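Dear colleague,

I am handing over the structure we spoke about, and below it you will find notes on what was found. Please read them with the model open beside you.

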Amino acid sequence: MKTERGEWGSRIGFILAASGSAIGLGNIVFFSANAYTYGAGAFYVPYLIALLTAGIPVMILEFGLGRMTGRSFPLALGQVGGRVGEFAGWWAILNALIITMYYCAILGWVGGIWWEAVVGRLWQPSVAVPAFGFDEGALPNPVASFFSLISSWSNVGWVAVVWAINVAMAFWGTRSIERAVKVMMPLLWLFMIAMVLLGSTLDGALHGIYLLLTPNFAVLSDPRVWHGAFAQIFFTLSLGFGIMPAYASYLPKRADHVSNTLAVAGLNSLFELIAGMAVFSLLFAFSVTPKASTLSMMFFIVPQGIAQLGGGAQMIGALFFTLLLIAGLTSSVSLLEAGASALIDKFDISRRASVLSVAVFGMLGSVLFALPKVIDAGLNSNGTFGLTFLDLIDHYAFNYGLLVVGLVECILIGWFLPLQRLIDVVNEHAHYAVGRVFSFLVRYFAPAVLLFLIGFSAVNDITGGGLYGSDFTIDDPGLAWLPAGALAGWLALTVIGAAAATFVGRARSEDAR
Ligand code: TRP
């Protein structure tokens with residue numbers, strides 16, 4: 001049992017793996033896109049407030065929970081809140097698995113475009129997009145390359161490659177994850193620093209960086225900005241995924257979870273800041289004024305900027321997509337591990353069987369997100385079915401799912417554990433002890449804010465604000481059912497799956513201590 005669960009070989013291994021989970025596409029493109037949408041520098045203010053009032057306390061909570069119970073998320077929450085807790089834990093894992101499905105579909109596209117960048121096709125003025133009936137020259141690059149990729153079978157091939165790498169990394173558990181992150185994380189930092197240095201030498205780049213860093217307090221009265229900031233914090237820190245409890249459960253008893261939290265959250269935000277500067281310098285150096293959705297940021301806007309570098313484009317473009325790939329893989333593997341670890345804990349099956357079952361299920365889901373345009377590029381007449389579906393699911397799983405999990409864990413641990421037990425466990429080995437402020441944030445502040453934000457966006461959605469933050473609308477009346485369908489599908493899969501996992505088999509929580 002012990003060997004199936006795993007154990008980190010060193011503290012640095014854990015910090016690299018946890019920060020590898022945190023640092024992902026979210027840091028490089030989602031953050032920049034959010035910051036751009038919400039008024040650039042203005043975004044830092046709610047971002048920092050969300051980090052301090054929810055991000056850091058909830059990470060301490062998740063690390064502490066993993067360590068205290070020695071279990072991954074479902075059974076750990078089960079020890080706190082019985083069947084209700086266990087259900088919440090499985091629900092979180094399934095919600096995260098759905099996020100992972102489209103995250104890995106996007107990573108597959110990153111792989112495909114990386115290849116186009118390396119061989120140079122991405123830097124030609126245009127390529128043909130046969131599935132859409134566009135000859136070469138009809139649609140400019142990088143847009144043409146992207147649509148050409150997602151309407152061809154190689155897109156599905158890349159999704160398979162991404163999942164295969166994930167499996168290879170998680171197959172031997174902590175041992176193989178640790179080995180991978182020890183190579184990948186230093187490379188990632190190196191590439192990112194190279195990128196920002198290159199970016200900042202461009203004419204006009206400083207203007208972008210200046211804009212990113214100049215606060216604008218006017219937008220702070222818009223609750224959507226706050227919702228964006230809290231959702232971004234949960235996503236970027238991998239909170240509400242069930243990942244951090246699993247990773248912390250592989251640590252020795254004497255681990256210092258306050259310092260670990262500060263290290264992981266600090267590395268993550270530092271990376272986000274540097275990445276934001278790199279992206280903004282590219283945007284403003286070439287005065288591309290983006291309609292910034294996250295996907296267009298990644299596949300259109302940044303490459304468009306890079307293309308203008310002329311001779312250097314091929315190298316810098318390859319660097320940018322390599323960066324995205326590494327960052328994304330060290331994140332997606334963490335959910336594969338969290339899911340596998342939950343299965344191992346509950347059903348006592350072998351690591352290989354559990355890694356493979358999570359991966360096969362996840363890969364099928366990724367293919368569903370990647371497939372629509374391959375089958376029928378003309379869906380919804382302009383071919384946005386695939387992206388719309390992805391956007392819709394993202395809207396529910398990202399904007400609601402993570403915040404709901406955060407709310408539930410604050411309530412369960414803050415009010416039912418009781419919280420003091422977790423505080424004692426955390427403080428036993430912490431250099432900086434937590435106390436009243438932590439307790440206030442977990443018990444009152446974070447739940448109140450999360451509840452408000454969830455309620456606010458629900459009302460906003462219901463009364464017709466709809467898919468804000470997304471630049472896709474559904475024009476085809478035949479697809480008007482899609483938002484409701486996506487919502488129903490998301491709820492059905494997560495609720496039924498979580499109920500099944502909770503009630504099939506005995507709760508094994510008794511054996512934990
Ligand atoms: N924190 C990651 C990021 O910023 C997101 C993430 C972490 C993630 N683990 C994941 C996404 C697992 C999908 C699956 O990008």
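**What was found in the model**

At 4% relative accessibility, S238 counts as buried, and its place is in the loop between α10 (223-236) and α11 (243-249). Please keep in mind throughout that this is a predicted model. The backbone of S238 deserves a look, since phi there is near 60°, a positive value in a residue other than glycine. Most residues other than glycine have a negative phi, and most peptide bonds are trans.

A second residue of this kind is D348, which has a positive phi of about 55° although it is not a glycine. D348 is found in the loop between α14 and α15, and with a relative accessibility of 46% it counts as partly exposed, whereas S238 is buried.

Two peptide bonds should also be checked on your screen. N141 and P142 are joined by a cis peptide bond, with omega at about 0°, and P142 sits in the loop between α5 and α6. A cis peptide bond also joins L417 to P418, again with omega at about 0°, and here the proline, P418, belongs to the loop between α17 (385-416) and α18 (419-428).

Turning to the helices, I would begin with α7, which runs over residues 154-170. At 1.5 Å a residue, its 17 residues should span 24 Å, and the C-alpha atoms at its ends are 25 Å apart, which agrees with that expectation. The buried residues in α7 are N155, V156, V159, V162, W163, N166, V167, M169 and A170. Seen down the axis of α7, these buried residues fall within an arc of 165°, so they line one face of the helix. An α-helix has 3.6 residues a turn, so residues three or four places apart point the same way. What covers the buried residues of α7 includes α5 (73-119), α6 (143-150) and α8 (174-200), and also α14 (313-347), α15 (351-370) and α16 (372-375).

One of the buried residues of α7, V162, appears again among the contacts of L107, a residue that lies in helix α5. L107 counts as buried, because its relative accessibility is 0% and the cut-off for buried is under 20%. Leaving aside neighbours within four places in sequence, L107 is in contact with L25, V162, L324, L325, G328, L329 and S332. By contrast, L453 is not in that list; the C-alpha atoms of L107 and L453, 346 residues apart along the chain, are separated by 29 Å.

How do the axes of α5 and α13 cross? They come within 11 Å and cross at roughly 10°, with α13 covering residues 294-307. Angles under 35 degrees count as roughly parallel, and α5 and α13 are therefore roughly parallel to each other. The contact is made by I106, W109, V110 and I113 on the side of α5, and by L295, M298 and F299 on the side of α13.

After α13 the chain enters the loop between α13 and α14, where L309 has its place. L309 is partly exposed, with a relative accessible area of 24%. The C-alpha atoms of L309 and A255 are separated by 47 Å, the two residues being 54 residues apart along the chain.

Two further buried positions may interest you. N27 lies in helix α3 (residues 25-37) and, at 0% relative accessibility, counts as buried. Which side chain does N27 join in a polar contact of 2.7 Å? The partner is N268, which is also listed with A22, T236, F271, E272 and A275 as a residue that N27 touches, not counting residues up to four places away in sequence.

The other position is L441, in helix α19 (residues 436-465), which counts as buried at 11% relative accessibility. Not counting residues up to four places away in sequence, L441 touches L52, T53, P57, A446 and P447. The C-alpha atoms of L441 and R175, 266 residues apart along the chain, are separated by 35 Å.

With best regards

Key: Residues numbered from 1 in each chain as written. Predicted model: local features only at pLDDT ≥ 70, side-chain atom pairs only at ≥ 80, totals over all residues. Heavy atoms only, no water. Helix = DSSP H or I, 4+ residues; strand = E, 2+ residues; numbered from the N terminus. Expected span 1.5 Å × (residues − 1). Buried < 20%, exposed > 50% of the residue type's maximum accessible area, 1.4 Å probe, protein only. Arc of directions from axis to C-beta. Contact = heavy atoms within 4.5 Å. Polar contact = N/O pair within 3.5 Å; in protein donor to acceptor, adjacent residues only side chain to side chain. Axes fitted to C-alpha atoms, helices over the stretch in contact; angles between N-to-C directions. Parallel < 35°, antiparallel > 145°, perpendicular 65-115°, else oblique.
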